[in-house]
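Colleague: I am new to this structure and would like to go through it with you. Please show it first.

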Amino acid sequence: MSGKYHNLIVSICVVVCVSLTATGCDFKLFGKKRSSRMKFRVTSLPETNDGRAVHAVIKSVTPQEFLTDSYESMVDAAYSNPPADGVLRSFAIVPGQTKTISLEKEPQKAIGVYFLFSEPGEQWKLLMPQPIRSKYNFKLDKDSVEQK
């Protein structure tokens with residue numbers, strides 16, 4: 001095959017790959033499938049929240065919204081029906097157990113993860129900026145959360 005045809009074939013392959021990526025087509029690249037989902041794994045201790053369930057809220061946010069989201073507004077968001085704007089999921093975590101939640105990835109905004117302890121410590125919410133990863137792990141202590 002001459003260099004002229006080789007360059008043409010390479011150019012066509014590049015255009016096809018870019019087109020597939022731009023349209024959101026999910027294909028294997030170097031043996032790894034790009035995931036369109038994100039998983040949140042939350043592990044809690046038996047003494048988390050003094051043995052009472054903790055409610056969690058996963059919300060699509062801008063960094064500015066995350067900074068201004070108050071504990072009270074997240075309590076309202078956790079229990080609103082229909083769900084409040086941007087809320088992707090809310091759920092309860094039983095102390096001493098692990099819970100895994102799977103959601104579609106947020107394409108543009110960051111993700112705020114809020115844990116509603118009865119008496120929250122300083123670290124009750126976390127921001128997951130873009131690009132959104134496929135997996136997140138959290139550990140709940142007595143009154144706070146840390147990302148693992």
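Colleague: How far apart, N to O, are the side chains of Asp 69 and Lys 59 in their salt bridge?

Modeller: Keep in mind that this is a predicted model. Asp 69 lies in the loop between helix 2 (63-68) and helix 3, and Lys 59 in strand 4, so the pair ties together parts that are 10 residues apart in sequence. Both residues of the pair, Asp 69 and Lys 59, are buried. Their side chains meet in a salt bridge with an N to O distance of 3.2 Å.

Colleague: Which residue forms a salt bridge with Lys 142?

Modeller: Lys 142 is partly exposed, with a relative accessible area of 44%. Its closest N and O atoms in the bridge are 2.4 Å apart, and the partner is Asp 50. The pair links distant parts of the chain, 92 residues apart: Lys 142 sits in the loop between strand 9 and strand 10 (145-147), and the loop between strand 3 and strand 4 holds Asp 50.

Colleague: Which residues are linked with Lys 142 in a network of salt bridges?

Modeller: The whole structure has 7 salt bridges. The network that includes Lys 142 also contains Asp 50 and Arg 52.

Colleague: Which strand supplies the largest share of the largest nonpolar core?

Modeller: This core has 32 residues, and Phe 40, Ile 111, Phe 115, Phe 138 and Leu 140 touch the most other members. Several elements each supply at least two residues, among them strand 3 (37-44), helix 3 (71-79) and strand 7 (110-116). The largest share, 6 residues, comes from strand 7.

Technical notes: Residues numbered from 1 in each chain as written. Predicted model: local features only at pLDDT ≥ 70, side-chain atom pairs only at ≥ 80, totals over all residues. Heavy atoms only, no water. Core = buried A, V, L, I, M, F, W, Y, C linked by side-chain atoms within 4.5 Å. Buried < 20%, exposed > 50% of the residue type's maximum accessible area, 1.4 Å probe, protein only. Helix = DSSP H or I, 4+ residues; strand = E, 2+ residues; numbered from the N terminus. Salt bridge = Lys/Arg side-chain N within 4 Å of Asp/Glu carboxyl O.
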